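Here is a short tour of a protein fold, written for someone who likes to think in contacts and distances. Have the viewer open as you read.

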Amino acid sequence: LGTVQEAVRRIIHSLNYSPEIREVAMVGGEATITGGAGVIPLGGVALDRATFRELQQDARWLVHAAGWAHGDAGNAITIALRYEHDTPGTFTTLGSLVVAAGAAYTKQKLGPFDVFGTGGVPAGETIPIITLTATMSAGAGAVRIWNVWLRLLAGEQ
């Protein structure tokens, strides 16, 4: 097992480099998505990185999302995770998926996407904001019970 000092070093290393996982509920009930209405924000998360850095150095953030979605009989729905910049109305899409036309709900997932490894996302941002959005070109669809997870990884992982 080694010395006490080696054991303490292994414990501290394990704590420093274990991923921190944060879940955020975006859509609890059902949200209707109307075609032609543009991008509809479904919720978001804004975090002060300085607070998380007290817990763990956040060299990488991986973002995941999952929930239910459906388009209508003839129109697909697009679900996306976006990074919102300091300038209102400007964003970078981290990733998206298209749910095929159909009136029945299907379980969907997005990610993982490396937030600060995505082109256009500033690596030194103090308050990153990530939003979940939906859009349809026509018709009407819906989403329900969507969650987003942030996995914070230290630099050595």
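What follows moves from the overall fold to the core, and then to a few individual residues.

**The overall fold**

Please keep in mind that this is a predicted model. The protein chain has two helices and eight strands, and along the sequence they come in the order α-β-β-α-β-β-β-β-β-β. Of its 157 residues, 37% count as buried. The accessible surface of the chain is about 8200 Å², with 57% of that area belonging to carbon and sulfur atoms. If you look at contacts with a sequence separation of 6 or more, 79% of them are made by residues 24 or more positions apart.

**The nonpolar core**

In soluble globular proteins, nonpolar side chains tend to be buried together. Here, the largest nonpolar core has 33 residues, and I79, L81, V143 and W146 are those with the most contacts inside it. Two or more residues each come from β1 (20-34), β2 (40-46), β3, β4, β5 (91-99), β6 (106-114), β7 (129-135) and β8. Strand β8 gives the largest share, five residues.

W146 is a good place to zoom in. This tryptophan sits in strand β8, which spans residues 140-153. How buried is W146? Its relative accessible area is 0%, so W146 counts as buried. Leaving aside residues up to four places away in sequence, W146 touches A25, M26, V27, A65, A66, G67, W68, A69, I79, Q108, L110 and L132. W146 and L42 are also worth selecting together: 104 residues separate them in sequence, while their C-alpha atoms are 8.8 Å apart in space.

**Around H70 and D72**

H70 lies in strand β3 (residues 60-70). With a relative accessibility of 13%, H70 is buried as well. Beyond its neighbours within four places in sequence, H70 is in contact with I77, V99, G102, A103, A104, Y105, G141 and A142.

D72 belongs to the loop between β3 and β4 (77-84). Which side chain of opposite charge is nearest to D72? That is R144, 17 Å away; D72 is buried yet has no salt bridge. A salt bridge requires a side-chain nitrogen of Lys or Arg within 4 Å of a carboxyl oxygen of Asp or Glu. A polar atom of the D72 side chain does lie 3.0 Å from the backbone nitrogen of A140. Not counting residues up to four places away, D72 touches A101, G102, A103, M136, A138, G139 and A140. G102 and A103 thus appear in the contact list of H70 and in that of D72.

**The salt bridge**

How many salt bridges does a search of the whole structure find? There is one. It joins the side chains of E84 and R82, at 3.7 Å from N to O. E84 is partly exposed because its relative accessible area is 22%, whereas R82, at 12%, is buried.

For a quick side-by-side view, here are the accessibilities of the residues discussed above for which a value is given.

| Residue | Relative accessible area | Class |
|---|---|---|
| W146 | 0% | buried |
| R82 | 12% | buried |
| H70 | 13% | buried |
| E84 | 22% | partly exposed |

The cut-off explains the last row: buried means under 20% relative accessible area, and E84 has 22%.

Key. Residues numbered from 1 in each chain as written. Predicted model: local features only at pLDDT ≥ 70, side-chain atom pairs only at ≥ 80, totals over all residues. Heavy atoms only, no water. Helix = DSSP H or I, 4+ residues; strand = E, 2+ residues; numbered from the N terminus. Buried < 20%, exposed > 50% of the residue type's maximum accessible area, 1.4 Å probe, protein only. Contact = heavy atoms within 4.5 Å. Lys, Arg positive; Asp, Glu negative; His and termini not counted. Polar contact = N/O pair within 3.5 Å; in protein donor to acceptor, adjacent residues only side chain to side chain. Core = buried A, V, L, I, M, F, W, Y, C linked by side-chain atoms within 4.5 Å. Areas by Shrake-Rupley, 256 points an atom, 1.4 Å probe, with all protein chains shown as cover.
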